Amino acid sequence: EPQYKYIGFVGCYTKAGQADPFEASHGGVPHDRSKIGTGVLAIGVDASGNLSFLNGGEPIIKADELPNPSYLCILERSESSSRPAALRDGGLCIVSELEKGTFQSFAVCRDQSQSGMKINAKSVGEALDTGGSYPCHIISADVGSMESIIVCNYGEEEGVLSIFGKSSDSYTRQACIPFGPGSKADPDRQQTSHAHASSIVTPISPSSLMDLCCCDLGGDAIIQFSMSTNISSTDGEISLRCDEKERLAAPPGSGPRSLMFNPIHRQLAIVSLEMTAQVWLIRRKMDDGSFEGLGDPISVMPENWPEESAKEKQFNNGRWTSDAVWSPDGKYVYAAARLHNSISVFQLQYRQLSTAEEGTSSESVEIEGLKLVQRISTNGLTPRCLCMSECGEFMLVAHQHSHDISSFQRNESDGTLTFKDRLEVPNAACVKLIRPEQIG
């Protein structure tokens, strides 16, 4: 029995008062400001969801090497020629959330000694300009045979989506798409666009190798792009191409923050609406691939919260959600609410269609909505990021303001969560998991 079922990588804010929309207006959400993140840390997660530090709790990537490493993605082992050779045993791609945005890739390897597992991280190439400011999200995705790295720049002047691909033995920026003005529905936060998160989905149109969907928090929109590759006629080099296809308007002032496609019902996605503290089911139509909302967004807050006298009332009426994720079986949604510091668990309600009813749709279910099955305290302050384990047995929460990573066991039969463990990690911003055997 291996010591750890998963290795976790945690990105932290290494500067004070970060990513808080109430910092300028209210002096920020109250928390212990004496604690500051140290960089990127590695943790071990055992089969029960217990947490422990690797490397003695010392950062595997220090703040002076990459400041404000607020979001990362893990590259599992791959022999693909479209990945820089130094990263083929596994690596990390990490954004540095500063006004001049950069991202840096690192090769990672495991070292097993008598004193336990140790993770080593080594930078690959230079830190790359992301083409925008305050990058806050990064994923990797295959576009045909080409591995791409996709960065969302939250943006000061506007949100920017940036696409990177391999060039010689590093990455190079191959597309940079500015999102333009915001919806202005909220005059404080939506004067301009803000690219917050992206997610990939299999294309419906044969002209696209992959479709990419991006949340524009400032523009109240879900923007869908078609991704393809070009082959140079002179040197045969493959480059990436990204073209906007369409937009789905979100409710004005809702601020779409994160989007995740259902792992089973693949045309269905859950969107977290940060500024109205709601989740919203959306679906791609099979005929043209455009999105439609399924009913109205659903609140992740208890009714009549916060009370008039509550300190949370001053912060956008207590509305400040973060992540929303699916369980691996596609049956449950988990949505985190900051300020209320809770996770709401919803069960997907659907009806299996008979063959006669299916008609032209490839989806053999009729989606009826979401039903709340649990609302549980996260036992911390400001749950910024949720990470569901691949096996679906537990979930990790990064608490930015109580300075910790917490784990919850998940009951697979009814979707409910039970608090399990916590580790102190100052200004934890993001946590991602991978099985140990999937990296060097």
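**Exercise 1. The overall build**

How many helices and how many strands are there in the protein chain? Work out, too, how its compactness compares with that of a globular protein of that length.

*Solution.* Keep in mind that this is a predicted model.

Step 1: count the elements. The protein chain has 2 helices and 30 strands.

Step 2: check the compactness. The radius of gyration comes to 21 Å, and the globule rule gives 22 Å for 440 residues, so the chain is as compact as a globular protein of that length.

Step 3: get the dimensions. Along the principal axes, the C-alpha trace spans about 55 × 50 × 45 Å.

Step 4: look at inside and outside. Of the 440 residues, 57% are buried. The chain exposes about 17,300 Å², with carbon and sulfur atoms supplying 45% of that.

Step 5: do the charges. You'll find 38 positive and 56 negative side chains, and the centres of the two sets lie 2 Å apart.

**Exercise 2. The nonpolar cores**

Find the residues that touch the most other members of the largest nonpolar core, then list what Phe-103 touches.

*Solution.* Step 1: the largest core holds 54 residues, and Phe-9, Phe-103 and Ile-405 touch the most other members.

Step 2: zoom in on Phe-103. Skipping residues up to four places away in sequence, its partners include Cys-93, Ile-94, Val-95, Leu-128, Ile-138, Ile-149, Val-151, Phe-164 and Tyr-171. Glu-126 and Thr-130 are also among them.

Step 3: don't stop at one core. A second, separate core has 24 residues, including Val-279, Leu-281, Ala-335 and Phe-346.

**Exercise 3. Ile-43 and its surroundings**

Is Ile-43 buried or exposed, and which residues does it touch?

*Solution.* Step 1: place it. Ile-43 is found in strand β2, residues 39–45.

Step 2: with a relative accessible area of 0%, Ile-43 falls under the 20% cut-off, so Ile-43 is buried.

Step 3: collect the contacts beyond four places in sequence. Ile-43 touches Tyr-6, Ile-7, Gly-8 and Val-10, then Ser-52, Phe-53 and Leu-54, and finally Leu-396, Ile-405 and Leu-423. You met Ile-405 in Exercise 2, as one of the residues touching the most other members of the largest core.

Step 4: compare sequence and space. Ile-43 and Gln-438 are 395 residues apart in sequence, and their C-alpha atoms are 15 Å apart. For the whole chain, among contacts between residues at least 6 apart in sequence, 56% join residues at least 24 apart.

**Exercise 4. The loop between β21 and β22**

Track down the cis peptide bond, and say what Glu-312 is in contact with.

*Solution.* Step 1: the cis bond joins Trp-305 and Pro-306, with omega about 0 degrees. Pro-306 sits in the loop between β21 and β22.

Step 2: Glu-312 is found in the loop between β21 (298–299) and β22 (321–326). At 15% relative accessible area, Glu-312 is buried.

Step 3: leave out neighbours within four places, and Glu-312 is in contact with Trp-305, Pro-306, Asn-317, Gly-318 and Leu-339. So both partners of the cis bond turn up among the contacts of Glu-312.

Step 4: follow Leu-339. Leu-339 lies in the loop between β23 (332–337) and β24 (342–352), counts as buried at 8% relative accessibility, and has a positive phi of about 70 degrees although it is not a glycine.

Step 5: check Asn-316, which is found in the loop between β21 and β22. Its phi is near 50 degrees, a positive value in a residue other than glycine, and Asn-316 is partly exposed at 32%.

Note on methods:
Residues numbered from 1 in each chain as written. Predicted model: local features only at pLDDT ≥ 70, side-chain atom pairs only at ≥ 80, totals over all residues. Heavy atoms only, no water. Core = buried A, V, L, I, M, F, W, Y, C linked by side-chain atoms within 4.5 Å. Buried < 20%, exposed > 50% of the residue type's maximum accessible area, 1.4 Å probe, protein only. Contact = heavy atoms within 4.5 Å. Helix = DSSP H or I, 4+ residues; strand = E, 2+ residues; numbered from the N terminus. Rg over C-alpha atoms; globule rule 2.2 N^0.38 Å. Areas by Shrake-Rupley, 256 points an atom, 1.4 Å probe, with all protein chains shown as cover. Lys, Arg positive; Asp, Glu negative; His and termini not counted. Charge placed at Lys NZ, Arg CZ, Asp CG, Glu CD.
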